[in-house]
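Hi,

Here is the structure I promised to pass on. Have a look at it first, and then read on for what turned up.

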Amino acid sequence: MDRTILHCDCNAYFASVECLFRPELKSVPMAVCGDPEMRHGIVLAKNELAKACGVQTAEPIWQAKRKCPRLVVIQPQHGRYAEYCKKINAVYAEYTDQVEAFSVDESWLDVTGSTHLFGDGKTIADALRKRLREEIGLTISVGVSFNKTFAKLGSDYKKPDATTVILRDNFKEIVWPLPTRDMLFVGKAAESELKKHGITTIGQIATADKERLKRMLGKMGENLWECANGLDASPVRRIGEVEPVKSISNDITFRRDLKGEEDVRAGLLMLSDQVCTRLRRQRLYGSVVHITIKDPMLHSITRQKRLKEPTNITADVFATALTLLFDHWELSAPIRMLGVGVSALSGHCGDQISFFMDDEKKRRAQKLDATLDTIRERFGKDAIQFGSILQSDIKHKKT
Ligand SMILES: [Mg+2]
């Protein structure tokens, strides 16, 4: 039997929540924007009037204001959004115990087991829309389908406050003409790779040769082919069920752009230290190190390297991240954001000699890590820091 899955997406979530507190904002073009002081000055959400002026999510404030000089800019109140998220999910939980959050304002619901109580998928979707509108004052768009990918597409298909049903007998008409970018997990990079091969719609992914897609995009190509053909079998998790950690990463958008070796060393050490501290706290080791670099024009690259054995030693991850950066980045080019991550996680470390260090050096590096961990546990995470980071002025804010 087919599953009945809903994807519920709040419309203009941050902006709509702000309007509940300040109804006068409904009658002016308004956008919730990140803090320009911290270089996060982009539009996070906008109301209908701002949308009518052409204001777009993720564009810089200055650009939005040029389109719409009367635009009222509001700072985000994340506490409020989390609070409303709880209220919304409490309503979802009345219909099923399989509610999986995708983000603060999007959730999947598997209602297969409750259709005999509440009616079919569309009936439940319409009931949810009505209840959230009347009880909480927010509108949602809902996609109803037999898998998570199509349910998500359905919630994007028509908004605000709408239900879209995508079934086995109509998915080819509805889904296949859509651009590849509309499908979950197709980012800019995958979109342009597919385009290079003449693939611009989801239908073209579905009818392409699976092996060819695999050669183009690796494992992801295979997944996309399956999803485009309605074969996404991934389950909706139960409330409270957490996904096993697949990778641990941190990134930093710097207050000023990084330039030159001294800056990138300080930045990468800071990130490697944060990531490895988290790994060690969870007693995990990782075999793949990846870095992400974003320039001031917001172009980014990601590169990765597999280690000979799993590690959680800061010096190991730092050395690998530094090698990756030296190999793939022109040092004189400015960097706006850096990220370091470790994946292919396991609970076991390697016993062999570390990639970058002999035995003695490795022992010393582990001892240093253990000392830092102990001091931070007792006196807080800012109690001790590497000298090169303290001396650097690349003040940061976590993104
Ligand atoms: Mg939304």
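One caution before the details: this is a predicted model. Numbering starts from 1 along the chain.

Let me start with β1, since much of the rest connects to it. How many of the residues of strand β1 are buried? The strand covers residues 5-10, and 6 of the 6 are buried, so β1 is largely enclosed by the rest of the structure. Ile-5, His-7 and Asp-9 point one way, while Leu-6, Cys-8 and Cys-10 point the other way. That fits a general pattern: side chains in a regular strand alternate between the two faces of the sheet.

Which strands pair with β1? One is β7 (residues 140-145), which runs antiparallel to β1 over 6 bridges. Within that pairing, Cys-10 has Ile-140 of β7 as its bridge partner. Strand β6 (residues 106-110) is also antiparallel to β1, with 5 bridges, and there His-7 stands opposite Trp-108.

Now the metal, which is probably what you will want to look at. The magnesium ion is coordinated by Asp-9 (OD), Cys-10 (O) and Asp-105 (OD), at 2.2 to 2.4 Å. Along the chain, these donors follow the spacing D-C-x94-D. The two aspartates bring distant parts of the chain together: Asp-9 belongs to strand β1, whereas Asp-105 sits in the loop between β5 (99-103) and β6, 96 residues apart. Are they buried or exposed? Both Asp-9 and Asp-105 are buried.

Two of those metal donors turn up again around a cavity. The structure has 2 cavities of 30 Å³ or more, and the second largest has a volume of about 30 Å³. Its lining includes Cys-10 and Asp-105, along with Ile-88, Asn-89, Tyr-92, Ser-103, Val-104, Glu-106 and Ser-107. Helix-wise and strand-wise, α4 (78-92) and β6 each supply at least two residues of that lining, and α4 gives the most, with 3 residues. By type, the lining residues of this cavity divide into 4 nonpolar, 3 polar and 2 charged.

Finally, the overall layout. The domain assignment splits the protein chain into domain 1 (1-175), domain 2 (176-228) and domain 3 (247-398). How far apart do the C-alpha centres of domain 2 and domain 3 lie? The distance between those two centres is 33 Å.

Shout if you would like to go through any of this together.

Cheers

Definitions and conventions
Predicted model: local features only at pLDDT ≥ 70, side-chain atom pairs only at ≥ 80, totals over all residues. Heavy atoms only, no water. Buried < 20%, exposed > 50% of the residue type's maximum accessible area, 1.4 Å probe, protein only. Helix = DSSP H or I, 4+ residues; strand = E, 2+ residues; numbered from the N terminus. Pairing = 2+ DSSP bridges. Domains from an automatic or database assignment. 1 Å grid on protein atoms, 1.4 Å probe; cavity = no way out; pocket = protein on both sides within 12 Å on 5 of 7 lines; lining within 4 Å. Points joined across faces, edges and corners; volume = space filled by probe spheres on them. Nonpolar A, V, L, I, M, F, W, Y, C, P; charged D, E, K, R; others polar. Donors = N, O, S within 2.8 Å, 3.2 Å for Na, K, Ca; no water.
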